[in-house]
Amino acid sequence: MKITPLITITAAIAAWFFPWWSVVIAAGIIGLIANPKTSALAYAAGFAGVGLAWSAYALFLNFQNQGLLAGKIATIFHLPNSTTLISITILIGSLLGGFGCMTGALLRKIFEK
Amino acid sequence: MVSKILRFTGSLLVTCALVFVLGKQPGQLPVVGAKLQNSPAAMLPPLGKFLNPFGGFWQNAEAPIPVISPKTALEKLQAPVKVVFDDRLVPHIFAQNNHDLYFVQGYITASMRLWQMEFQTHAAAGRISEIVGSRGIEFDKEQRRKGLTYAAEKLVQMLGTDTIADPAVHAYTDGVNAYINSLSYRNLPVEYKLMNYEPEPWTTLKCALLQKKMADDLTGNSADIEYTNLATVMGKEAATLLYPQYLDGQDPIIPPGTKWNFTPVKPSGNNPATAQPAANKTGFAPVFPANGHSLQLPQPETEPTVGSNNWAVNGSKTLSGKPILCNDPHLQLNLPSIWFETQLTAPGINVYGVTIPGGPGIVIGFNDHIAWGVTNAGIDVKDWYTVTYKDSLKNEYKYNNSWKKTEKRIETIKVRSLPDVIDTVIYTHLGPVAVENYGPQKQNLALHWKAHDASNEFKTFYLLNRAKNYTDYEQALSYYECPAQNFAFADTDGDIAIWQQGKFPLRYKEQGKFVLDGSNPADEWQAYIPTAHNPHILNPKRGFVSSANQHPTDPTYPYYYQANDFEYYRNRRINRRLQEMDSITVKDLQQLQFDNYNLQAAESLPVMLRYLKPEELDSSQQAGLQTLQKWDFMNNPDDSAPALYEAFWQNLLTAIWDEINNRPDSLAMVYPENAVTIRLMDKQPDSKYMDIASTPEKETLKDLVKPAFVKAIANIVEWSAKNQQLATWANYKGTSVMHLARIDAFSVKNVQTGGNYGIVNATGKRAGPSWRMVVAYTKNGIEAYGIYPGGQNGNPGSPNYTQFLDKWAKGEYYSLNYYTNPDSLKAGQFLSITEFEPIKK
């Protein structure tokens with residue numbers, strides 16, 4: 001699973017310079033190049049990779065803000081607490097990464113014998 | 001091979017679908033969107049974009065100490081500018097010329113308050129539907145019929161001919177735009193992300209709109225229609241009794257007995273109709289039938305009570321022998337706060353104070369020579385005129401026995417994700433027909449309003465910010481027209497003064513108190529009171545000047561004016577205290593600003609208690625009575641007596657004015673001022689107004705008091721049970737500071753603080769002291785204190801957003817840092833310094 005940290009780093013760089021959906025492309029390119037053995041492994045790597053990037057940064061920002069804004073946004077969204085909001089954030093990042101990486105890996109598979 | 005392609009395509013499709021769904025607001029999605037239409041979920045932002053920690057709302061989760069960039073390069077800047085942020089994030093701007101000063105003021109203000117600036121100007125312009133969709137249409141229509149944009153456009157045009165204020169407004173606008181252009185989605189204020197829209201370029205029109213919005217907030221409440229209704233149904237005598245021109249015992253701004261050293265101008269004496277309008281002697285045009293089925297209120301007046309206090313004491317009354325000036329404007333309590341603290345320094349200017357984000361300069365503040373503060377004059381400058389169209393085309397209307405052409409202004413209201421709404425507003429020479437097809441008689445009412453005229457208030461503040469003495473202050477004020485304010489003044493020469501400054505129509509008696517006849521030239525405003533005749537006083541014998549929205553003058557003043565709510569209590573309490581006090585210190589005046597003495601209760605409760613007999617009450621009611629009897633009339637936050645009084649008073653008011661609040665014809669009317677009601681209760685307890693119309697019995701005050709009291713006791717018990725709280729005054733009043741878009745999570749409710757409207761500490765449920773300032777000139781320089789209920793940073797995600805609120809609620813102050821030289825500041829005296837550099841091309 002060496003490609004997970006690779007995806008984390010690429011996704012973070014992409015997300016800083018490009019729109020939010022660029023993490024899908026980043027994960028896809030890594031999936032295409034690194035070529036995980038199975039599509040399930042590719043999905044898992046992308047899921048964990050982008051999920052890690054999103055969770056690390058969201059948790060850091062939330063920590064330095066002492067949870068103030070997350071609590072308010074959770075209230076606006078009628079969520080029970082900010083932990084739920086953080087979980088949803090991470091889940092969305094993970095799904096984007098998982099599908100992105102899997103799609104990239106499946107593209108590679110077409111050209112493999 | 002085929003299966004591989006299929007698998008890839010499937011995965012790609014799922015991925016694309018995921019990105020598509022997460023990139024749209026749920027309400028905008030195909031199929032699902034239509035089903036969500038009326039649910040709040042439709043308004044959710046695009047989740048992928050919004051929750052992305054690298055760009056979405058998480059980026060607005062600021063650290064307690066914000067990161068401010070030490071260097072910023074800006075085009076259009078002419079020379080380097082230094083901005084020192086102190087520990088409360090107050091920017092102290094040091095520029096080398098005026099252009100750069102206002103440019104950087106615009107840039108910095110926008111960097112902390114952009115969303116508020118744009119939202120407020122959108123609201124003033126009637127463009128809220130662009131943000132919130134169809135919910136905003138009615139509000140927008142009303143705003144456009146009021147003609148604030150029409151007024152702001154006129155102001156921009158007039159500014160173009162001015163060489164002092166116009167460059168400042170332009171530089172400020174450029175500065176705001178420099179900030180907007182530096183933004184990407186990542187650093188947009190969180191409200192834009194939440195409501196999924198983007199800021200548009202700032203314009204000088206927006207500065208003008210903000211000025212007109214203040215005119216609307218402070219002169220927009222006109223009760224002409226309600227007065228006319230009452231006069232029509234109950235007779236002119238009732239209107240005179242209930243809405244008197246002057247109530248005895250009033251303590252005006254200009255001390256009673258002051259001589260008027262000018263020859264008054266007569267209101268167009270050669271026009272008999274003006275003196276005796278429209279051929280009837282009641283003072284209003286006889287356009288309404290006596291049965292009164294004519295006017296319902298087009299929209300409820302929901303603005304909370306706004307007002308203000310200011311005063312200045314001279315050296316004869318202070319411990320230091322130098323003057324002290326105080327001001328606290330009472331406005332709607334909102335977040336981000338209406339005020340933003342700033343110090344502006346450039347050659348010829350070093351001023352500190354607060355400003356409304358969106359306009360250049362300082363509105364309330366001080367420099368090293370003078371200090372000034374404002375309260376609202378509240379004089380009626382907004383009149384309603386009936387308009388008779390020739391036919392349904394509305395191309396012509398009746399005027400002076402002939403027909404005059406109308407102008408039509410097409411208002412296109414853009415509505416988010418819906419087609420535009422078009423509204424045509426008819427303009428007469430008097431102003432816009434703000435109310436159309438109104439009441440069973442289908443009447444059209446045109447609005448003539450001083451706020452519609454172009455006037456250069458920006459110039460007043462530009463000059464006032466640089467004023468060095470009384471002459472400069474007077475000169476600065478001469479440009480000021482609307483919204484009329486009482487400008488209190490103190491300077492280092494030891495002078496104190498107050499001017500009620502504005503441009504007021506020269507009226508015949510009661511002109512504009514009732515609805516006027518738009519076809520009769522005699523009912524129009526003929527001229528204005530000369531500015532030099534506006535009420536003012538320099539260095540009065542009593543050693544202080546003060547104002548608190550009361551009558552400016554005693555009845556000897558030779559001009560007619562009226563307002564629908566002259567203050568009767570706060571001002572008398574302030575003047576009584578200032579009269580008593582001696583060797584005054586800053587601390588004394590801070591305590592006076594936070595004074596919770598309820599003079600209205602002190603004068604009304606004894607009258608109310610006359611009719612309560614303990615032997616007729618049960619034990620819990622007797623306990624309540626004792627609470628009131630023992631009360632010291634202080635509206636302190638933790639006491640229960642003020643809550644009981646308030647409930648008792650409101651019940652009694654409702655019972656007395658059943659002829660106003662419980663009309664079978666649902667005609668809109670307003671209550672008399674509380675002081676009028678209390679006077680009536682005291683002197684005429686058998687007055688016909690005490691009778692409850694819906695019962696056969698003839699009630700007097702005696703019959704109303706006990707039920708009102710018994711109900712109040714029950715109200716309090718119910719309230720406590722419902723809210724699971726003790727009915728202390730602070731809880732019962734429930735002061736709330738609400739986010740401008742009314743987002744609860746960004747608001748603060750149930751602030752624990754005392755006071756109320758009509759009390760010096762005028763903190764009510766939704767309005768209150770929006771900036772408390774005390775400025776003392778001492779031998780060692782300026783000692784200034786201030787606080788407002790909010791924080792400099794308008795980001796609800798920053799701890800700084802409500803930083804000052806707790807101290808404000810307790811009546812505490814911050815010492816204000818008035819810097820003279822940014823280079824002599826030592827570490828620890830400030831938070832950070834940003835150097836702004838021009839970009840050389």
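This report describes the interface of chain B and chain A, the nonpolar cores, and one buried tyrosine in a predicted model.

Local features need pLDDT of at least 70 and side-chain atom pairs count only at pLDDT 80 or more, while totals for chains, interfaces and linings use all residues. Side-chain values use heavy atoms, without hydrogens and water.

**Interface**

In chain B, 42 residues are in contact (heavy atoms within 4.5 Å) with 42 residues of chain A. B:Phe8, B:Phe54 and B:Trp58 supply 20% of the area that chain B buries against chain A, more than any other three residues.

| Property of the interface of chain B and chain A | Value |
|---|---|
| Buried area (accessible area, 1.4 Å probe, lost on being put together, summed over both) | about 3,700 Å² |
| Part of the buried area on carbon and sulfur atoms | 77% |
| Salt bridges (side-chain nitrogen of Lys or Arg within 4 Å of a carboxyl oxygen of Asp or Glu) | zero |

**Nonpolar cores**

A nonpolar core is a set of buried Ala, Val, Leu, Ile, Met, Phe, Trp, Tyr and Cys residues joined through side-chain atoms within 4.5 Å. The largest one holds 211 residues, of which A:Ile73, B:Phe366 and B:Leu589 touch the most other members. Beyond four places in sequence, the contacts of B:Phe366 include B:Trp372, B:Met773 and B:Tyr818. Another core, apart from the largest, has 61 residues, including B:Leu247 and B:Phe709.

**B:Tyr462**

B:Tyr462 counts as buried (under 20% relative accessible area, 1.4 Å probe, protein chains only) because its relative accessibility is 14%. Outside its neighbours within four places in sequence, B:Tyr462 is in contact with B:Asn98, B:Tyr102, B:Ile164 and B:Ala168.

Definitions and conventions. Residues are numbered from 1 along each chain as its sequence is written. Chains are lettered from A and ligands numbered from 1 in the order in which they are written. Buried means under 20% relative accessible area, exposed over 50%, partly exposed in between (1.4 Å probe, protein chains only). Buried area is the accessible area (1.4 Å probe) that two parts lose on being put together, summed over both.
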